[in-house]
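Here's a protein chain to get acquainted with. Have a look at it first, and then we'll walk through it together.

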Amino acid sequence: MRKLALVLGAIVLTSSVLAKEVVAQPVSVEEVVVEEVTPVAAPVESLNKFAIGAGVRGANKLYKQDEDNVMFYPNLDVRYGRFYVKGIQVGAYLYENDMMALSVFVDPMGGFPVDGGDMEDGYDNIDDRDSMVMGGAKLELKDLPAGLQSNVSYKGGEDGQQGDLNILRPFAVTEKLKVTPSVNASMFSSDFVDYYFGVSEKEVNRDANDNLDKEYDGDTAYSYGAKLACEYMFTENVSATAAVGVTQFSSEIEDSPIVDDATNVYGLLEAKYIF
């Protein structure tokens, strides 16, 4: 829990330091007199955009489920003033310039939900693990050395907290094709891990759960991974994205009796129309 709280503290501290640096840059009197003052940042209204689409994601089994996971989802990318929607995440920017952005957001589908009825025989009488509404803050760094970009976020909900770090490097291969490799890491609080991957005494004692022979208490855990995404602009209004990635979960999740494979390999396809 303390480690996750430090993530949020780092977001606030970093944004404060960077904001002071932007304000404190010295400007000579001669420069002010000789050069005409022009705005350096685009007004918030000019960032408005509206894009809508859909995606499909497939992955191997994290839980001991009957089938691999295939999920269809909306692909929204909307910006109006300081407010935005990305995927199903809704947020608002508190501070933004060419170098960084600090925002708060709500993720209505956080966690690793699973329906007990979708589990393999011998595990299919466990309680459902529901998705949870999570709120948090995110710091985006847009112009790091070597063309790198990064974002760090913290979010929490009724059943635990999660911190995420993502580092990416976009490459414009052609005018229409962009390739973006990235690496990521996440940390999960003990109550988060216990809710999604723990096993209670009640679940062990149910007759249908023949393969569960002991309780499991979740502890603070982490994951790390990599992803490669390719986006192609067919026209000014139509784009498609394909991506593959892998996530490795730590032993605190891997050792859970309801986990099938702690190495999660996934692929996705998305299409988007930009208005």
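What follows is a short tour, from the whole chain down to single residues.

Keep in mind that this is a predicted model. The protein chain has 275 residues, and 36% of them are buried. Its secondary structure adds up to 5 helices and 13 strands. If you look at contacts with a separation of 6 or more, 59% of them link residues that sit 24 or more positions apart. On the outside, the chain exposes about 15,800 Å², with carbon and sulfur atoms supplying 58% of that.

**Strand β1 and its partners**

Let's start with β1, which covers residues 49-59. It pairs with two strands, listed here.

| Strand paired with β1 | Residues | Bridges | Direction | A pair of facing residues |
|---|---|---|---|---|
| β2 | 69-80 | 11 bridges | antiparallel | Gly55 and Tyr73 |
| β13 | 263-274 | 9 bridges | antiparallel | Ala59 and Tyr266 |

Ile52 is another residue of β1. Is it buried or exposed? Neither, as it happens: Ile52 has 39% relative accessibility, so it counts as partly exposed, since buried would mean under 20% and exposed over 50%. Ile52 also belongs to a nonpolar patch on the surface, together with Phe50, Tyr232, Phe234, Val238, Tyr273 and Phe275. That patch comes to about 670 Å².

**Inside the chain**

Now for the interior. The largest nonpolar core has 24 residues. Which residues have the most contacts inside it? They are Tyr63, Phe112, Phe188, Phe197, Ile253 and Ile258. Strand β6 (132-141) and helix α3 (190-197) each give this core at least two residues, and the largest share, 4 residues, comes from α3.

Ile253 is a good one to click on. Setting aside neighbours within four places in sequence, Ile253 is in contact with Phe188, Val193, Phe197, Ala221 and Val259. Two of those names, Phe188 and Phe197, also appear among the core residues with the most contacts.

**A stop at Glu231**

Last up is Glu231, which lies in strand β11 (residues 221-233). Which residues does Glu231 touch, not counting those up to four places away in sequence? From one part of the chain there are Lys176, Leu177 and Lys178, and the list also has Ser239, Ala240, Thr241 and Lys272. Val179 is worth finding too: Val179 and Glu231 are 52 residues apart along the chain, yet their C-alpha atoms are separated by 6.5 Å.

How values were computed: Residues numbered from 1 in each chain as written. Predicted model: local features only at pLDDT ≥ 70, side-chain atom pairs only at ≥ 80, totals over all residues. Heavy atoms only, no water. Pairing = 2+ DSSP bridges. Patch = residues over 30% accessible without salt bridge, like charges linked within 9 Å, V, L, I, M, F, W, Y side chains within 5 Å. Areas by Shrake-Rupley, 256 points an atom, 1.4 Å probe, with all protein chains shown as cover. Salt bridge = Lys/Arg side-chain N within 4 Å of Asp/Glu carboxyl O. Buried < 20%, exposed > 50% of the residue type's maximum accessible area, 1.4 Å probe, protein only. Contact = heavy atoms within 4.5 Å. Core = buried A, V, L, I, M, F, W, Y, C linked by side-chain atoms within 4.5 Å.
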